[in-house]
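Okay, thanks for squeezing me in, everyone. I'll put the structure up and then walk through it piece by piece.

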Amino acid sequence: MRASSRPMAARSRGERALLFAYEESSSQLLRNMESIGLDLRRWVAKGLLRIESTRPTLHGLEQHLVHMYDLVNEFKPAVVAVDPISNLTSQGDDGGLKLTLMRLIDFLKTSDTTALFTSLTADSGAAALASSEVGVSSLMDTWLLLANIALNGERTRTLQVLKSRGMPHSNQVREFVFSDRGVDLVDVYLFGDQVLTGTARVAHEAQLSAANDLRGRDHERRLRDLANRRQALD
């Protein structure tokens with residue numbers, strides 16, 4: 001899931017959004033979002049979205065921070081997204097990055113600006129959670145974990161809320177899918193004590209549909225037989 005989903009909601013309310021992209025150029029980002037039905041070009045044209053695409057190696061952490069300060073003060077966005085913060089350093093445990101992000105978070109909170117940060121991890125298991133906690137996760141109000149699960153010869157994308165301060169939230173792991181209409185959350189599909197995702201969910205839904213259709217036809221046959229017997233008695 002890309003970092004543009006939250007800014008898209010802000011733009012639909014007429015708010016300004018500022019996206020710092022450290023993996024893709026502006027043209028690549030706009031093209032990729034169009035593939036899932038998100039037209040960002042019109043918001044850029046209206047001046048509600050600004051995409052600042054920069055190579056992480058172009059500046060040091062201090063220069064990146066100053067550049068962010070200047071753009072936020074100039075553009076005055078309601079939402080700021082940084083995608084991803086992990087690309088600002090080549091070291092997994094960089095104390096300088098943590099201090100830089102702490103200063104950026106304090107600045108955005110003082111400016112009453114909603115912030116969305118993404119961070120890449122090499123693994124989505126326990127190791128990823130441990131490495132994330134070394135960073136700035138304790139400063140975040142809401143922490144979402146996106147993961148790719150390999151099962152039955154396919155990969156499915158899942159989302160879960162690890163924490164969300166001051167608000168109720170689901171404890172379930174939800175599957176999400178990309179389509180030409182954007183990103184859709186799939187309802188939790190339980191089968192016994194298992195949660196089915198991907199083709200396993202689709203196959204089980206097809207089995208249930210076929211079984212229901214068979215039961216329906218059997219019921220109709222029984223009704224016809226009963227009507228025939230009643231007619232014979234009459």
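Before anything else, one term: when I say buried, I mean under 20% relative accessible area, exposed is over 50%, and partly exposed is in between. And please keep in mind that this is a predicted model.

With that cut-off in hand, let's start with an example. Phe-107 comes out at a relative accessible area of 16%, so it counts as buried. Across the whole protein, which has 234 residues, 33% count as buried.

Okay, the overall inventory. We have 7 helices and 10 strands. If you take contacts between residues at least 6 apart in sequence, 59% of them join residues at least 24 apart.

Let's do the sheets. One is an open sheet of 4 strands with parallel pairing, and the order is S2-S1-S3-S4. Which strands sit at the edges of this one? They are S2, residues 49-53, and S4, residues 114-117, and each pairs on one side only. On average, neighbouring strands here are turned by 15° against each other, ignoring direction.

Zoom in on S3 and S4: that parallel pairing runs over 4 bridges. If you want a place to look, find Val-79, which stands opposite Thr-114 in S4.

Now stay with S3, which covers residues 79-83, and go to Asp-83. Is Asp-83 buried or exposed? At 8% relative accessibility it is buried, because the cut-off is 20%. Its side chain has a partner, too: a polar contact of 2.5 Å joins the side chains of Asp-83 and Thr-118.

A bit further along is Leu-120, in the loop between S4 and helix H6, which is 126-134. This leucine has a relative accessible area of 49%, so it counts as partly exposed. What does Leu-120 touch, leaving aside its neighbours within four places in sequence? It is in contact with Glu-23, Pro-84, Ser-86 and Asn-87. There's also Ile-85: it is 35 residues from Leu-120 in sequence, and the C-alpha atoms are 8.0 Å apart in space.

On to the other sheet I want to show. This is an open sheet of 4 strands, order S5-S6-S7-S8, and here the pairing is antiparallel. The edge strands, each pairing on one side only, are S5 at 142-151 and S8 at 182-185. Neighbouring strands in this sheet are turned by 35° against each other on average, again with direction ignored.

How many bridges join S5 to S6? There are 10, with the two strands running antiparallel. Leu-151 stands opposite Glu-154 in S6. S5 and S6 form a hairpin with 2 residues between the strands, and Asn-152 in that hairpin takes a positive phi near 55°.

Next door, S6, residues 154-164, is joined to S7, residues 174-179, by 2 bridges, and that pairing is antiparallel as well. Within it, Leu-159 has Arg-174 in S7 as its bridge partner.

Right, aromatics. How many aromatic pairs does a search of the whole structure find? The search turns up 2.

One pair is Tyr-69 with Phe-107, a tilted arrangement with 4.2 Å centre to centre and 35° between the planes. This pair links distant parts of the chain, since Tyr-69 is in helix H4, residues 61-75, and Phe-107 is in helix H5, residues 95-110, with 38 residues separating them. We already said Phe-107 is buried at 16%. Tyr-69 is at 22% relative accessibility, so it counts as partly exposed.

The other pair is Phe-176 with Phe-178, and this one is edge-to-face: 5.8 Å centre to centre, with 90° between the planes. Which category does each ring fall into? Phe-176 is buried at 3% relative accessibility, while Phe-178, at 30%, is partly exposed.

One last ring, with a charge this time. The charged end of Arg-16 sits over the ring of Phe-75, at 5.1 Å from the ring centre.

To recap the two sheets: the one with S2-S1-S3-S4 pairs in parallel, and the one with S5-S6-S7-S8 pairs antiparallel. That's my tour, so over to you for questions.

Technical notes
Residues numbered from 1 in each chain as written. Predicted model: local features only at pLDDT ≥ 70, side-chain atom pairs only at ≥ 80, totals over all residues. Heavy atoms only, no water. Pairing = 2+ DSSP bridges. Axes fitted to C-alpha atoms, helices over the stretch in contact; angles between N-to-C directions. Phe/Tyr/Trp six-rings, centres within 6.5 Å; stacked < 30°, edge-to-face > 60°. Buried < 20%, exposed > 50% of the residue type's maximum accessible area, 1.4 Å probe, protein only. Lys NZ or Arg CZ within 6 Å of the ring centre and 35° of its normal. Polar contact = N/O pair within 3.5 Å; in protein donor to acceptor, adjacent residues only side chain to side chain. Contact = heavy atoms within 4.5 Å.
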